[in-house]
Amino acid sequence: MSEEQKAQVISGNNIAKTVRTQLAEKVASLKAQNVSRLPSLAVVLVGDRKDSQTYVNMKTKACEEVGIVAHQYDLPAATSQEDLSALITKLNDDETVDGILVQLPLPAHLNSDAIIAQIKADKDVDGLTTPNAGDLARNGDKAHLIPCTPLGSLRLLDEMKVEIAGKQCVVVGRSNLVGKPMANLLLSRDGTVTVCHSKTKDLPSVVKQADIVIAAVGRANFVKGDWLKPGCVVIDVGINAVDDSTKKAGYRLVGDVDYEAASKVAGMITPVPGGVGPMTVAMLLHNTIKAYFLHNPNLKQN
């Protein structure tokens, strides 16, 4: 790809809008069937972190837009492990709740792993519990509830008609939230998958082999343009704030990939913001509706 050419931008905003329209139509069809209740999501927020409040507000608003009933539980930062655990038990036992989302990170005194593990697998719309991780490892993209960010990334590849089978796929990052599930999804689509991490030797040469690059390390502009194979597809999962005095907020958001340099080499690339982020929210809605049908197997899906 020449210096003058630019990669095709994969618009997560546009694709997420299409997904949300489709989901709204599913909920509308349920209303037409006069069902006893609509899909519902319980969102649990502990503490007063501004970023977490913003994310939760965005998620509950998105629920309302497609017709999902959202219940928000705002708990003080000093909430005890026992009280939070009691709320999860209550939500697990509530047959009108299809999905439970605990906004992370939790305050430092709380054991996040124990809380996530307590969520019933069929209500785990973040796909983070051990049973759902095992389901994904065994069944790939046929698993019931898949972590939202990897699922959204896969949907972007599908919508852009990117062939995965037989392709060299490099996932940079091995987190339980993104890296590992993303690798499992690509493997289930017959990709030849390499997972890179902090101990990977000569990372640039490994990335250079990739037809598809998934960057999920949480480090601003980490993946450089000259690491990429010309014409490759880049999915940038990262979202990082970097200082920028020209912006009103004093910062701007960038991904894990050096976008300007990468867009001159890649064939397709997701922007930050407006790439993977909107798809993560759309897949949360998708998983909530999927959980609803798991709980109501006799209902007709359109």
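**Exercise 1.** Work out how many residues of strand 5 are buried.

*Solution.* Start with the terms: buried is under 20% relative accessible area, exposed over 50%, partly exposed in between (1.4 Å probe, protein chains only). Strands are DSSP E runs of at least two residues, helices are H or I runs of at least four, and both are numbered from the N terminus. Now count: 4 of the 5 residues of strand 5 are buried, so the rest of the structure largely encloses this strand.

A word on the input: this is a predicted model, where local features need pLDDT of at least 70, side-chain atom pairs count only at pLDDT 80 or more, and totals for chains, interfaces and linings use all residues. Residues are numbered from 1 along each chain as its sequence is written, and side-chain values use heavy atoms, with hydrogens and water left out.

**Exercise 2.** Find the strands that pair with strand 5.

*Solution.* Pairing takes at least two DSSP bridges between two strands. Strand 5 (residues 168–172) runs parallel to strand 7 (residues 212–215) over 4 bridges; here Val170 has Val213 as its bridge partner. With strand 6 the pairing is also parallel, over 5 bridges, and Val172 is matched with Cys196.

**Exercise 3.** Place these strands in the whole sheet and find its edges.

*Solution.* The open sheet has 6 strands in the order 1-11-8-7-5-6, paired in parallel. Strand 1 (8–9) and strand 6 (192–196) each have a single partner strand, so one side of each lacks a neighbour in the sheet.
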